[in-house]
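Trainee: I should like to take a close look at a single part of this protein. May I put one request about its pockets, to be answered at length?

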Amino acid sequence: MTFTTAIKTCLSKYVTFSGRARRPEYWWFVLFVFLGAVLLSIIDAIVFGTNPETGEPSQFLTPLFQFATLLPMLAAGWRRMHDVGYPGWYLLLPLAISFAMILFLFSGVAVFSLMEGRVDDPEVLRGPAAFLGVSGLIAAMLLQLGLSILILWWLTRPSQPEANEYGEPV
């Protein structure tokens, strides 16, 4: 599959999450999205300049492009996971870890805030709260990193040559 064929295929299957996608289809599309974002960020910097308050380049086109390619990128990855024999929703596991981490952080803050009002010296709770917060963040980040590496490894594996539960090889 060529670069342009992969782009046409992925864009024509904009939200098609069923079926399979071979390695070239997925990785050529990844390259297209990456190069498109880099090119548009350069154009954004030239056309829109920088924000005078922050000094950072103003971006308008790049976020639009990234938003427009979000669903086809997810769909292509979903189909790629099917091609190697795994459910596509595995792609969402690192995102689920992020949401769980945010939920636990807010829950921990709420619990320790309630506990502070019920003890004589609230300073004694700061050490355990900091320890639990930092250790929880480290554990979640390590889990998220491990899952991301595993998913990236799966996305680079060769296609299953035979039919699997997601369809015939393409």
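Which elements each supply at least two residues of the lining of the second largest pocket? Please describe that pocket closely, and then set it beside the surrounding parts of the model.

Mentor: The model shown is a predicted one. The second largest pocket takes at least two lining residues from each of α2 (23–48), α4 (70–83) and α6. Its volume is about 270 Å³. There are 13 residues in the lining, and those closest to the pocket's centre are Tyr 26, Met 73, Leu 74, Leu 91 and Leu 155. By class, the lining holds eleven nonpolar residues, two polar residues and no charged ones.

Let us now follow each of these helices in turn, beginning with α2. Arg 23 is found in this helix. With a relative accessibility of 34%, Arg 23 counts as partly exposed, because that class lies between the limits of 20% for buried and 50% for exposed. Beyond its neighbours within four places in sequence, Arg 23 is in contact with Arg 80, Leu 155, Thr 156, Arg 157, Pro 158 and Ser 159. One of these partners, Leu 155, is also among the residues closest to the centre of the second largest pocket. Another partner, Pro 158, is 135 residues away from Arg 23 in sequence, yet their C-alpha atoms are 7.1 Å apart in space.

Helix α2 also meets helix α1 (residues 3–12): their axes come within 8 Å and cross at roughly 90°. An angle from 65 to 115 degrees counts as roughly perpendicular, and α1 and α2 are therefore roughly perpendicular to each other. On the α1 side, the contact is made by Phe 3, Ala 6, Ile 7, Thr 9, Cys 10 and Leu 11, while α2 contributes Pro 24, Glu 25, Trp 28, Phe 29, Leu 31 and Phe 32. These residues divide into ten nonpolar, one polar and one charged.

After α2 the chain enters a loop, and Gly 55 lies in this loop, between α2 and α3 (61–68). Gly 55 has a relative accessible area of 51% and is exposed, because the limit for that class is over 50%. The C-alpha atoms of Gly 55 and Gln 144 are separated by 32 Å, with their positions 89 residues apart along the chain.

The next helix to consider is α4, in which His 82 lies. The relative accessible area of His 82 is 7%, so this residue is buried, the limit being under 20%. Leaving aside neighbours within four places in sequence, His 82 is in contact with Phe 17, Ser 18, Gly 19, Arg 20, Pro 87, Gly 88, Asn 164 and Tyr 166.

The remaining helix, α6, leads to another pocket. The largest pocket holds about 410 Å³ of space. Its lining has 20 residues, of which Phe 104, Leu 105, Gly 108, Val 109 and Gly 133 are the closest to its centre. Two elements, α5 (93–116) and α6 (126–155), give two or more residues to this lining. The largest share, ten residues, comes from α5. Here the classes are 14 nonpolar, four polar and two charged.

How do α5 and α6 lie with respect to each other? Their axes come within 9 Å and cross at roughly 175°. Angles over 145 degrees count as roughly antiparallel, and the two helices are therefore roughly antiparallel to each other. Their contact includes Leu 93, Pro 94, Ile 97 and Leu 105 of α5, together with Ala 129, Gln 144, Leu 147, Ser 148 and Ile 151 of α6, among others. By class, this contact has 14 nonpolar, three polar and two charged residues.

Two residues of α5 deserve a separate word. Pro 94 is found in this helix and counts as buried at 13% relative accessibility. Outside its neighbours within four places in sequence, Pro 94 touches Gln 144, Leu 147, Ser 148 and Ile 151. By C-alpha atoms, Pro 94 is 30 Å from Thr 2, a residue 92 places away in sequence. Val 109, which also lies in α5, is exposed, with a relative accessible area of 51%. The C-alpha atoms of Val 109 and Ala 129 are 8.2 Å apart, and the two residues are 20 apart along the chain.

Technical notes
Residues numbered from 1 in each chain as written. Predicted model: local features only at pLDDT ≥ 70, side-chain atom pairs only at ≥ 80, totals over all residues. Heavy atoms only, no water. 1 Å grid on protein atoms, 1.4 Å probe; cavity = no way out; pocket = protein on both sides within 12 Å on 5 of 7 lines; lining within 4 Å. Points joined across faces, edges and corners; volume = space filled by probe spheres on them. Helix = DSSP H or I, 4+ residues; strand = E, 2+ residues; numbered from the N terminus. Nonpolar A, V, L, I, M, F, W, Y, C, P; charged D, E, K, R; others polar. Axes fitted to C-alpha atoms, helices over the stretch in contact; angles between N-to-C directions. Parallel < 35°, antiparallel > 145°, perpendicular 65-115°, else oblique. Contact = heavy atoms within 4.5 Å. Buried < 20%, exposed > 50% of the residue type's maximum accessible area, 1.4 Å probe, protein only.
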